[in-house]
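Dear colleague,

I am passing a structure on to you below, and I would be glad if you opened it beside this message and followed along. My notes on what was found come after it.

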Amino acid sequence: DGVTDRNLEDAIYAFGFGPRCSYVKPFGAGHINETYAVYMPSPEGEDVLAYVLQRVNSNVFKDPAGVMENIFGVTEYMRGVIRREGGDPDRETLSYIKTKSGLNYFEDSEGEPWRCYNFIPDSECYQLVENPEQLYEAGSSFGHFLKQLIEYPASGLKETIPDFHHTAKRYQAFQVAVDRDLKNRAHTCEPEIAFVKNRKEDCSVLVSQQEEGVLPLRVTHNDTKLNNILFDSKTGKGLCVIDLDTIMPGLAANDFGDSIRSGATTGAEDEKNLDLVHFDLELYEAYVRGYLEAAGEVLTPAEVESLPWGARLMTLECGMRFLTDYLQGDTYFKTAYPEHNLVRARTQFRLVEEMEQQFEKMQELARKYAGI
Ligand code: ATP
Ligand code: MG
Ligand code: MG
């Protein structure tokens, strides 16, 4: 499903760059979309990277119109908020560009969606957490993002991936995969299956609180990894939250939790040696501090209490999805070898176990930085 030169060129013309554009080349280290850097001539005569052009992965995003509607709604609103804060809307949020015919995105001859936004110069993107300071900044960025959008009507957003973090439904899908055992792999992962089954009740903890109205729906990002934040090269501070494809109504705890899952760990997601995989309470504390300094005042007490649960459940859910995919024959996540998804599930379950052991400390730290 490679991009043809013809479609790339059509996209460049659709956004009105056409003959003005100097050249285009592949860009970034994303796993989902095809990303290109668009270079334009500057008044000084050199070519500068001015725009990012992306072909959206239509296998993952079945409703590109809904995705783009969410992104335009949120980023245009965000520009107003940033202006009122005295910030620079051109650097602190992405500015999406409409096509020449005034549409949110361009559909190429194969029906694939393309969109375009400004490149943010003098910024840095980190693939791996190197120190607590980065996680503090990440917490601060995602906390600020939540606060900036606190009055944006979450219910008006399209749910572009239905039940994305409905952990109880994820459990049901897991159960079906175990029962069917399509690839006859269940006997190779009995301890992991038991690990999940022992936590069936946990899967409903946040979902029920949301359904009972104890936890409000917020505007959530849903891919809150470190590499979805741009850092300012000069100050080292978190600058701009990017990768807005999965903005949807959701729980603050889930965004918080996915950052902890992916960031407060000492090992890679697919580390085979579990001795190297630990939940790192110091990294957790750095994130909680940044997050609550930025968003503490707009979260309800129930939401503050839900944050450590978010970490546990996002990690359990993620491990459960890896295990489900392993049982189904690796149809969703890309794998490099047959046990890859099982290895990934094991790292997540290791983290869950350690979070369970340190849960009281996790709760104390959340309360401490929320001032409750
Ligand atoms: P993922 O695998 O995280 O879902 P993706 O395919 O959705 O990634 P993005 O995260 O949108 O792609 O972009 C890929 C990378 O390109 C980013 O991690 C970042 O390094 C770089 N990048 C994206 N947008 C910008 C920008 N406006 N300015 C500077 N760098 C950017
Ligand atoms: Mg990304
Ligand atoms: Mg993405």
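**Two domains and what lies between them**

The chain is divided into two parts, domain 1 (5-121) and domain 2 (132-370). Please keep in mind while reading that this is a predicted model. The C-alpha centres of the two domains lie 28 Å apart, and the contact between them takes 25 residues from domain 1 and 23 residues from domain 2.

The second largest pocket is a good place to look next, and it holds about 580 Å³ of space. It is lined by 30 residues, and those closest to its centre are Phe27, Gly28, Ala29, Asn227 and Ile242. Where does this pocket lie with respect to domain 1 and domain 2? Because both domains give residues to its lining, the second largest pocket lies between them.

Three strands each supply at least two residues of that lining, namely strand 3 (47-55), strand 6 (113-118) and strand 7 (123-124), and strand 6 gives the most, with 3 residues. If you sort the lining of this pocket by class, you will find 13 nonpolar, 11 polar and 6 charged residues.

**The two magnesium ions**

The other site I would like you to examine holds magnesium. For the magnesium ion written as ligand 2, the protein donors are Asn228, through OD1, and Asp243, through OD, and they lie 2.1 to 2.2 Å from the ion. These two residues come from distant parts of the chain, 15 residues apart: asparagine 228 sits in the loop between strand 8 (218-220) and strand 9 (229-232), whereas aspartate 243 sits in the loop between strand 10 (238-241) and strand 11 (248-250).

For the magnesium ion written as ligand 3, both protein donors listed are OD atoms of Asp243, lying 2.3 Å from the ion. Which residue, then, bridges the magnesium ion (ligand 2) and the magnesium ion (ligand 3)? The bridge is made by aspartate 243, and the two ions lie 3.9 Å apart.

Are asparagine 228 and aspartate 243 buried or exposed? Asparagine 228 has a relative accessibility of 5% and therefore counts as buried, since buried means under 20% relative accessible area. Aspartate 243, with a relative accessible area of 25%, is partly exposed.

When you have the structure open, you could begin with aspartate 243 in its loop between strand 10 and strand 11, and then turn to the pocket between domain 1 and domain 2.

With best wishes

Note on methods
Residues numbered from 1 in each chain as written. Chains lettered and ligands numbered in written order. Predicted model: local features only at pLDDT ≥ 70, side-chain atom pairs only at ≥ 80, totals over all residues. Heavy atoms only, no water. Donors = N, O, S within 2.8 Å, 3.2 Å for Na, K, Ca; no water. Helix = DSSP H or I, 4+ residues; strand = E, 2+ residues; numbered from the N terminus. Buried < 20%, exposed > 50% of the residue type's maximum accessible area, 1.4 Å probe, protein only. 1 Å grid on protein atoms, 1.4 Å probe; cavity = no way out; pocket = protein on both sides within 12 Å on 5 of 7 lines; lining within 4 Å. Points joined across faces, edges and corners; volume = space filled by probe spheres on them. Nonpolar A, V, L, I, M, F, W, Y, C, P; charged D, E, K, R; others polar. Domains from an automatic or database assignment. Contact = heavy atoms within 4.5 Å.
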